[in-house]
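The exercises below are meant to be worked through with the sequence and the 3D structure open. Each one sets a task and then solves it step by step.

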Amino acid sequence: QPPNHETMTASCIVCQDELEAVSPHRACGFCDVRICASCLPHLTEINGDGEADVDNGDLRCPHCRQSLMEGDLHKRRQAILLWAPQLSATIADDIVTLEDLIARVMQLCAHAQADVTYYSVPDALVAHAIANDPKYSTLLERLLASSRRARQWRLAVKRSPTDSSNLSTLCKEYLRLLSETAGLLPDHARCILEEVAEQSLSNSANFERYSRAWGRGGKRQREAGEGDNGRHSGRGSNGKKRATRRGRLQGP
């Protein structure tokens, strides 16, 4: 892994333009170089034939060649386990994988509703990559507790990539995952979802802000746990059923 030079964070690694603190940009989760909002949509991976690899669902950092997607997920996993060390690595991985899926679908919806371009390929091609991604498919089957429902969601994305109901389903499952499985209070879970949405729409990756969103409800979460004898609804990180006090969780 290349060294993390401070000078690399002051300008875009692609166009070398100086970055303002308030301008949206994306950091690689491995080497922390920055890519400006103008250059990011035009990054393209090249296949073995020297052609644009438009079917590839991933992009690599121009500096260290690590996956930009995996870099984001790596940093987010670290933040989750910092503030919620009781969670297993598997649950942390489910959370960040679902966040990545939410971001992609949210960007498709934003393209249709606000004419904001996030991809250099058609929406149908992005939706096809999402629907056929094996990691997303496995996660959906687990979260929806039904291979049929997971298959229906994937087909819905293929048929109508910008349908907001596809996004609503994911957001509801995300809030349920944080509240019932990770044991967060509902308002804390919503706070994290809002941060995920904001970074998705700005196409940025602010790991410090994401970590603060997880830590924001930490004190209240501990107090609630003590007042409730440590109980929360759903399954714990070890997968065993715990005592529950169920309430209806409204969608976003």
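**Exercise 1: the surroundings of a tyrosine**

The backbone oxygen of Leu201 lies 2.6 Å from a polar atom of the Tyr118 side chain, a polar contact in the sense of a pair of N or O atoms within 3.5 Å, where one must be able to donate a hydrogen and the other to accept it, and where residues adjacent in sequence count only if both atoms are side-chain atoms. The model is predicted, so local features need pLDDT of at least 70 and side-chain atom pairs count only at pLDDT 80 or more, while totals for chains, interfaces and linings use all residues. Residues are numbered from 1 along each chain as its sequence is written, and side-chain values use heavy atoms, with hydrogens and water left out.

Task: establish where Tyr118 lies and whether Tyr118 is buried or exposed.

Solution. Begin with the position: Tyr118 sits in the loop between α2 (89-114) and α3 (123-131), where helices are DSSP runs of H or I with at least four residues, strands are runs of E with at least two, and both are numbered from the N terminus. Next, take the relative accessible area, which is 10% for Tyr118, so this residue is buried (under 20%; exposed is over 50% and partly exposed in between, with a 1.4 Å probe and protein chains only). Finally, list the contacts (heavy atoms within 4.5 Å): leaving aside neighbours within four places in sequence, Tyr118 touches Pro41, Gln107, Ala110, Ser200, Leu201 and Asn203.

**Exercise 2: a pair of helices**

Task: find how α7 and α8 are oriented to each other, and which residues make their contact.

Solution. Helix α7 (residues 186-202) packs with helix α8 (residues 207-216) at an angle of about 170°, their axes being 8 Å apart. Therefore α7 is roughly antiparallel to α8. On the α7 side the contact is made by His188, Cys191, Ile192, Glu195, Val196, Glu198 and Gln199, and on the α8 side by Arg209, Tyr210, Ala213, Trp214 and Arg216.

**Exercise 3: one helix from end to end**

Task: describe α6, including what covers its buried residues.

Solution. At the start of α6, a side-chain oxygen of Asp163 comes within 3.0 Å of the backbone nitrogen of Ser165. Among the buried residues of α6 are Leu167, Leu170, Tyr174 and Leu178, and the cover over the buried residues includes α2, α4 (134-144), α5 (147-159), α7 and α8. Just after α6, Gly183 adopts a positive phi of about 80°.

Terms used:
Axes fitted to C-alpha atoms, helices over the stretch in contact; angles between N-to-C directions. Parallel < 35°, antiparallel > 145°, perpendicular 65-115°, else oblique.
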